Amino acid sequence: MRLRLWSQRRQREVELDEELHSHLQMAVQDRLERGETLEDAEAAVRREFGNVGLVKEVTRQMWGWVWLEQLLQDFRYGLRSLRRAPGFTIVAALTLALGIGASTAIFSAVNPILFESLPYPHADRVMMIWDFGPDGSPLYTTFGTYRELVERSHSFDAIAVMRPWQPTLTGASEPERLDGLRVSASYFQVLGVPPALGRDFDASDDQINGPKVAIISDGLWKRRFGGDITIVGRQIKLDDNPYTVIGVMPGAFENLLAPSAQLWSPLQYDKSLPPQSREWGHHLRMVGRLRPGVGTDQAKRELNTIAHTPVAGFSRPSHASLDSGLMMNSLQDDMTSGVRPALLAVLGAVLLVLLIACVNVTNLLMARGAQRRGEFAMRAALGAARSRLIRQLLTESLLLAIIGGALGMVVAAFGVSALVALSPPGLPRASAIGVDGPAFAFAFGITMLVGLLVGMIPALHVSRGGLHTGLQQSSRRTAGGHQLTRRTLVVVEVALALVLLVSAGLLLRSMQRLFAIDPGFDTSHLLTMQVQTSGQRFDADTTHRFFAQSQEAVSQVPGVTSAAFTSQLPLSGDLEDGYGVHFESSPTGNPEADNAALRYAVSPGYFETMSIPLRRGRLLNAHDVADAPLAVVISESLAKSKFPGQDPIGQRLRIGPNDGPWYTVVGVVGDVKQTSLVMSQSDAVYIPTTQWRFADKALWLVVRARGDAATLTPAIRNAIWSVDKDQPIVQVATMDNLLAASAAERRFALTLFEAFGIVALVLAATGIYGVLSGSVTERTREIGVRLALGASRSNILALVFRQGMTLTGLGVVIGLSGAVAATQAIVTLLFGVSRLDPITYLGVITLLVCVSVIACWVPAWRAARVDPSITLRAE
Amino acid sequence: MPRKLPYQNKIELLQGTLDLLILQTLQWGPQHGYGISQQIRTNSGEVLQVDTGSLYPALHRLERQQWVSSEWKVSENNQRVKVYRLTANGKKQLATERSRWEQLSEAIARALNPPNEESEA
């Protein structure tokens with residue numbers, strides 16, 4: 001159909017041509033008959049007829065579809081003119097590519113987390129439910145609470161609980177420790193995604209002493225079992241036990257609550273809720289799906305009502321009393337609220353970079369527009385309407401933007417891979433980050449926007465009145481308005497660059513402050529790894545013996561100063577072992593009020609290996625065995641809060657349930673930063689590994705090395721495997737790396753801001769350079785005159801410098817107010833620095849000034865070397 | 001520098017009246033563009049000289065609105081010319097335009113005569 005329209009079009013053109021031609025001929029004929037000469041007749045007819053081309057064009061407009069033709073014409077013309085100026089085109093396109101590409105990359109990363117809804121049906125109805133800890137912070141729930149809610153709550157279609165599970169898969173290939181979840185049977189119902197193969201769990205699977213069944217992930221299925229569909233019903237060996245695989249999850253399923261989980265198995269807790277059992281430990285995460293028609297407020301109210309009205313059938317121990325109520329938030333909020341401020345800040349920063357890139361390209365277009373004044377003046381004289389010229393220029397800038405956008409997609413692809421590699425480990429939905437549909441739509445949208453934005457000002461300028469000056473060659477008149485706009489744009493660029501650099505600077509200082517904090521132990525030359533005992537043959541005694549022998553073996557490795565085991569590692573991100581600590585007597589208030597503290601089961605030598613200082617009493621040693629009196633070492637903060645100014649040695653305390661044994665305090669050690677460098681909750685109790693009621697199956701090995709800790713890894717692993725070769729050793733890392741990882745989120749934001757800041761700086765510098773260069777070129781004659789009249793070269797240098805630095809100065813002043821406003825957005829990321837930190841601001845201003853001086857140098861140098869005789873002669 | 005003037009007719013004819021004139025001319029029989037412009041000039045006693053810059057756009061517009069149709073013929077001088085003729089719709093449109101023009105001119109005439117003369121009569 002298109003071709004037919006085209007050929008019809010051609011036909012009509014030819015006919016119109018012929019029609020007008022025949023009209024002219026007949027008119028000439030008439031005049032000849034009246035006796036005029038041929039030349040006179042033809043001249044008269046042409047004059048009378050007017051502008052043939054114009055007539056044709058106006059007539060053509062009657063046919064319709066003209067706008068499309070004109071658009072195509074503009075595109076072709078634009079392409080030609082871009083090809084004629086390759087240098088300009090490349091620079092402008094690359095600048096836009098950078099801006100568009102970076103923005104698209106950041107958008108791709110941010111979209112699945114902040115904007116898209118979670119990949120579950122009606123994801124906004126999936127809620128997290130939390131208990132409250134004694135300090136008001138959210139706490140994991142207990143199985144008892146779960147049972148009660150299942151019975152008593154009417155707001156949920158389904159509720160489920162889960163806890164981490166790390167079984168070792170043995171079989172044909174080598175043993176592998178997997179991440180998994182122990183879940184209640186309703187887990188997949190809450191999420192709304194059933195298995196793709198086989199069946200979901202049902203209630204009969206989730207009974208105590210129930211069948212050993214498991215559902216595996218698509219990834220595990222393909223990787224380990226070759227995607228064999230007969231896997232359903234087959235048995236696999238987990239922790240030396242046979243488990244029947246009953247289902248496989250779909251490939252698209254994302255287990256957001258534990259992204260690395262690859263298999264699920266029922267909790268199989270005791271529904272009769274025996275007291276003092278794990279059914280009453282706060283270690284489960286609870287998630288529920290709201291019933292249709294039930295609002296979140298309604299559900300919250302009901303939960304709190306249930307919490308505050310205990311009933312006979314569900315008696316609660318004091319530590320799971322639900323006195324503070326229950327907390328509920330949506331899964332989406334729960335996952336994203338932590339990273340939201342950082343991501344929004346980064347999104348804002350990249351849009352600033354895009355803006356700076358646009359300003360730069362606008363300036364380039366304006367410079368080019370000035371060069372093309374003659375061309376547009378000619379077209380206007382030939383009858384082009386102003387709107388047509390503007391449309392032409394906008395089409396050109398759109399074309400430029402499209403080229404930039406296409407290149408930008410390449411930049412975006414690289415950017416996204418870099419982002420995923422850099423991203424902090426806790427970033428939710430990291431697997432969903434990619435250049436996908438929404439990213440393309442975003443890229444397309446901003447490309448169009450950028451094209452229009454960038455072309456608008458130059459188009460308005462070039463097509464303005466005063467076109468006649470373009471036909472004259474002299475540089476006597478500088479188009480004053482044109483220069484003013486360019487200078488304003490540069491000022492804007494400098495201001496935006498300042499905002500970005502200040503943000504980067506503040507984040508940098510925050511990182512410095514963060515890492516200046518004393519973690520409470522010596523983090524250098526410290527290697528850590530987690531050693532697990534798996535398999536049925538490990539009872540309490542075997543476990544203790546294994547770890548004791550391993551510690552001995554590791555200490556013998558050359559290069560090792562000391563080694564020890566602990567059940568939890570500070571700053572490892574893996575701290576979940578918190579208990580209520582109850583003191584027998586406490587001078588500060590009610591001994592019934594429990595402190596929450598983290599429990600560390602440590603081997604002898606732990607404190608020495610970690611270099612945690614002893615404040616009072618003694619450290620735990622090899623004499624604190626299972627039969628010896630129960631000893632505990634507490635942290636300084638706990639001692640101060642419970643026994644201010646007194647000696648806590650000899651006091652007794654209980655850890656956890658009310659009928660537990662009494663431990664006697666034998667020592668006080670210095671505080672250690674536990675969850676992160678920033679948080680100050682540092683109450684801890686340390687007990688010997690052998691004196692806890694069960695043996696921790698997985699312990700962290702800490703090794704102090706004489707030299708580089710990482711190089712000892714193979715030797716240490718071999719030492720442990722010499723004791724028992726089947727035990728998995730995972731998460732090997734130096735303490736320094738863990739420390740760095742604990743600030744991963746800030747570091748991520750910092751890296752991005754630094755990158756953006758540098759780009760902004762370079763763009764602003766080139767902007768200043770461009771404007772000054774242009775100005776010098778246009779004022780060549782003026783400079784020549786000045787020199788001829790006696791100005792010295794240094795005067796000219798000063799002149800240009802003054803011009804450049806004024807622009808910078810204005811930009812800085814405006815940027816300062818912008819920075820003060822904008823840094824509000826990153827306040828949550830800052831640590832130890834105020835957002836008005838003077839050192840940062842001064843540093844950034846100095847940097848900008850230095851860079852501007854460099855940018856001014858070449859134009860100033862050129863101006864000073866102008867030869868007045870040449871310029872004056874050229875008049 | 002004078003402002004660039006928008007394209008104008010030599011005598012400011014309202015667009016509607018040019019259409020009216022063309023349609024009226026074609027009532028006398030099919031004609032080509034040059035012929036139409038000559039005929040309008042003659043019939044108006046050399047007063048109305050239709051600008052070819054407005055004539056051809058008008059003709060093509062009328063054709064698009066299907067008030068005239070066109071075909072290529074060979075003239076007496078063995079030249080190929082595009083000849084326009086009035087269609088049935090065009091005849092109706094002509095009648096409408098004529099009555100509108102007459103209403104308009106009557107109204108203008110009445111507005112130009114002083115009102116008190118009327119009331120006296």
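Visitor: Which elements of chain A give two or more residues to the nonpolar patch on the surface?

Guide: In this predicted model, a nonpolar patch on the surface is formed by Ile90(A), Leu94(A), Ile403(A) and Leu407(A), which together have about 340 Å² of accessible area. One of these residues, Leu94(A), has its place in helix α5 of chain A. The elements that give two or more residues to the patch are α5 (86-115) and α13 (386-422) of chain A.

Visitor: Which residues of helix α21 of chain A are buried, and how wide is the arc within which they fall?

Guide: Helix α21 of chain A covers residues 735-742, and its buried residues are Met735(A), Leu738(A) and Leu739(A). When α21(A) is seen down its axis, these buried residues line one face of the helix, because they fall within an arc of 105 degrees. As a general matter, an α-helix has 3.6 residues a turn, so residues three or four places apart point the same way. The arc asked for is 105 degrees.

Visitor: How many residues of strand β22 of chain A are buried?

Guide: On one side of β22(A) stand Ala684(A), Tyr686(A) and Pro688(A), and on the other Val685(A) and Ile687(A), all of them buried, so that both faces of the strand are covered. In general, the side chains of a regular strand alternate between the two faces of the sheet. Strand β22 (residues 684-688) of chain A is therefore largely enclosed by the rest of the structure, and the number of its five residues that are buried is five.

Visitor: Which residue in β22(A) is the bridge partner of Val633(A)?

Guide: Strand β19 (residues 631-635) of chain A pairs with β22(A) in the antiparallel sense, and the pairing runs over two bridges. Within β22(A), the bridge partner of Val633(A) is Tyr686(A).

Visitor: Which strands of the open sheet in chain B stand at the edges?

Guide: Chain B has five helices and three strands, and along the sequence these follow the pattern α-β-α-α-β-β-α-α. The three strands form an open sheet in the order β1-β3-β2, with antiparallel pairing. Each edge strand has a single partner strand, so one side of each is left without a neighbour in the sheet, and these edge strands are β1 (31-32) and β2 (68-74) of chain B.

Visitor: Which residue in β3(B) stands opposite Lys73(B)?

Guide: Strand β2(B) pairs with strand β3 (residues 80-86) of chain B in the antiparallel sense, over seven bridges. Opposite Lys73(B), in β3(B), stands Val81(B).

Visitor: Is Asp205(A), which forms a salt bridge with Arg199(A), buried or exposed?

Guide: The closest N and O atoms of Asp205(A) and Arg199(A) are 3.0 Å apart in this salt bridge. Arg199(A) has a relative accessible area of 34% and is partly exposed, whereas Asp205(A), at 3% relative accessibility, counts as buried.

Visitor: How many residues apart are Arg616(A) and Asp647(A), whose side chains meet in a salt bridge?

Guide: The N to O distance in this salt bridge is 3.3 Å. The pair links distant parts of the chain, since Arg616(A) lies in strand β18 (residues 614-617) of chain A and Asp647(A) in the loop between α19 (636-642) and β20 (652-655) of chain A, a separation of 31 residues. Arg616(A) is partly exposed at a relative accessible area of 38%, and Asp647(A) also counts as partly exposed, at 40% relative accessibility. The separation asked for is 31 residues.

Visitor: In the salt bridge of Lys640(A) with Glu636(A), which residue is buried?

Guide: Both residues lie in helix α19 of chain A, four residues apart, about one turn of the helix, and their closest N and O atoms are 3.6 Å apart. Lys640(A) is exposed, with a relative accessible area of 54%. At 17% relative accessibility, the residue that counts as buried is Glu636(A).

Visitor: How many disulfides does the rule count over all chains?

Guide: Counting as a disulfide requires two cysteine sulfur atoms within 2.5 Å. The sulfur of Cys856(A) has its closest cysteine sulfur in Cys850(A), 12 Å away, which is too far for a bond, and Cys856(A) itself is buried at 0% relative accessibility. Over all chains, the count of disulfides comes to zero.

Definitions and conventions
Residues numbered from 1 in each chain as written. Chains lettered and ligands numbered in written order. Predicted model: local features only at pLDDT ≥ 70, side-chain atom pairs only at ≥ 80, totals over all residues. Heavy atoms only, no water. Buried < 20%, exposed > 50% of the residue type's maximum accessible area, 1.4 Å probe, protein only. Arc of directions from axis to C-beta. Patch = residues over 30% accessible without salt bridge, like charges linked within 9 Å, V, L, I, M, F, W, Y side chains within 5 Å. Areas by Shrake-Rupley, 256 points an atom, 1.4 Å probe, with all protein chains shown as cover. Salt bridge = Lys/Arg side-chain N within 4 Å of Asp/Glu carboxyl O. Pairing = 2+ DSSP bridges.
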